[in-house]
Amino acid sequence: MLNYIVDIVIIVVILLFIFAFGSKGFVASVLKSCSWLISIIVTYFLYPIVSGIIRKTFIFDLLKEFIYSAMNLDGISAENGVGQISAINSLSLPQGLKGMLADNNNSVIYDLLGVNTLQEYIAGYVANIILNIVISLLVFFVIAVIIKAVSGALKLAVKLPLVKQINGLGGALIGVFWGVIFVWVIMALSTLFIATPVFSEMITAIDSSFIGKLLYDNNVIMNVLMAKLFGWG
């Protein structure tokens, strides 16, 4: 039942974006999209820098401690490589994330996270994902506000009868694009609750759905965040 709900919610969200952008028309939608795209591009280059700075502060330490406690990592025990992989696979996390945890379970990442044990590594890795999501979201909104302030009252309206229908169709197509982006963002934000039972239930529902699983497995936003998980370089 939950798998159908996931697909229905996604379809409704995309339809809302189609309606919103379709009503604006193609030209106004393009201008709005340009503003958002600029914000996304600037965020892409800035968030790893900001995240790297925050990771060296007490804020990251507090986040690691919270994740450690929330995921009850004291109950995980493993000393060798095979045991550690088994411990990671026992976690209530998406399979892709388990794979990343297993692949990055080495001394270099331990040094980057400032950890010594498997439990601390898992907490630090998950905390770093959450930190990147929060920082990228904050940077995006700051950039978006700045762009809006700079652009000011730049508004164009297309009302000519001959282009009205084409204008609306173009806006609707852009609505599909931003609807998918919005769903990807929500899926990325859901990772903030990765240490809770709710997240585990949601992942199960998404894995059982069609559209939800398709978008989750091909989430460009999460792929970008994961690619720059520890900043540039």
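A salt bridge, as the term is used in this talk, is a side-chain nitrogen of Lys or Arg within 4 Å of a carboxyl oxygen of Asp or Glu. With that rule in hand, consider aspartate 217 and lysine 213, whose side chains meet in a salt bridge with an N to O distance of 3.1 Å. I shall return to this pair shortly. Please keep in mind throughout that the structure before you is a predicted model.

Let me begin with the overall fold. The protein contains eleven helices and zero strands. Read from the N terminus, the order of elements is therefore α-α-α-α-α-α-α-α-α-α-α. The chain has 233 residues, of which 41% count as buried.

I turn now to the charged pairs. As general background, side chains of opposite charge can pair when their charged atoms come close. How many salt bridges does the rule give here? The count comes to three.

Two of the three can be described together through lysine 213. Besides its contact with aspartate 217, lysine 213 forms a salt bridge with aspartate 207, and here the closest N and O atoms are 4.0 Å apart. Asp207, Lys213 and Asp217 are thus linked in a network of salt bridges. Where do lysine 213 and aspartate 217 sit relative to each other? Both belong to helix α10, residues 211-217, and because they are four residues apart, about one helical turn separates them. As for accessibility, lysine 213 counts as partly exposed at 32%. Aspartate 207 is likewise partly exposed, at 40% relative accessibility, and aspartate 217 is partly exposed at 44%.

Another salt bridge joins the side chains of aspartate 61 and lysine 64, at 3.8 Å from N to O. These two residues lie in helix α3, residues 58-70, three residues apart, which is about one turn of the helix. Is each partner buried or exposed? Aspartate 61 is partly exposed, with a relative accessible area of 37%. Lysine 64, by contrast, has a relative accessible area of 12%, and it counts as buried because that value falls under the cut-off of 20%.

Following helix α3, we come to a loop that leads to α4, residues 81-89, and asparagine 72 is placed in this loop. What is notable about the backbone of asparagine 72? Its phi is near 50°, a positive value in a residue other than glycine. Asparagine 72 is also exposed, since its relative accessible area of 54% is over the 50% cut-off.

Next, the surface of the first helix. Tyr4, Ile8, Val12 and Leu16 form a nonpolar patch on the surface, and together they have about 430 Å² of accessible area. Isoleucine 8 is located in helix α1, residues 2-24, and leucine 16 lies in helix α1 as well. Isoleucine 8 has a relative accessible area of 51% and is exposed. Leucine 16 is also exposed, at 55%.

Leucine 16 offers a view of how distant parts of the chain are placed in space. Its C-alpha atom is separated by 9.9 Å from that of alanine 172, although the two residues are 156 residues apart along the chain. Another such pair is glutamate 120 and glutamate 65, which are 55 residues apart along the chain and have their C-alpha atoms separated by 8.6 Å. Glutamate 120 is found in helix α7 and is partly exposed, with a relative accessible area of 31%.

Finally, I would draw your attention to the pockets. The largest pocket has a volume of about 730 Å³. It is lined by 24 residues, and the closest to its centre are Ile40, Phe140, Ile181, Val185 and Ile221. Which elements give two or more residues to this lining? They are α2 (26-54), α7 (118-151), α8 (161-189) and α11 (220-227). The largest share, eight residues, comes from α8. What is the character of the lining? Its residues divide into 22 nonpolar, two polar and no charged.

To close, I return to three places in the model. There is the network of salt bridges that links Asp207, Lys213 and Asp217. There is the nonpolar surface patch formed by Tyr4, Ile8, Val12 and Leu16. And there is the largest pocket, whose lining includes 22 nonpolar residues and no charged ones.

Terms used: Residues are numbered from 1 along each chain as its sequence is written. This is a predicted model: local features need pLDDT of at least 70, side-chain atom pairs count only at pLDDT 80 or more; totals for chains, interfaces and linings use all residues. Side-chain values use heavy atoms; hydrogens and water are left out. Patches are made of residues with over 30% relative accessible area and no salt bridge: like charges are joined within 9 Å, nonpolar side chains (Val, Leu, Ile, Met, Phe, Trp, Tyr) within 5 Å. Accessible areas come from the Shrake-Rupley method with a 1.4 Å probe; for residues, only the protein chains shown count as cover. Buried means under 20% relative accessible area, exposed over 50%, partly exposed in between (1.4 Å probe, protein chains only). On a 1 Å grid over the protein atoms alone, a cavity is a set of points where a 1.4 Å probe fits but cannot get out, and a pocket is an open set with protein on both sides within 12 Å along at least five of seven lines; lining residues have an atom within 4 Å of a point. Grid points are joined across faces, edges and corners, and a volume is the space filled by probe spheres set on the points. Ala, Val, Leu, Ile, Met, Phe, Trp, Tyr, Cys and Pro count as nonpolar, Asp, Glu, Lys and Arg as charged, and the others, Gly among them, as polar.
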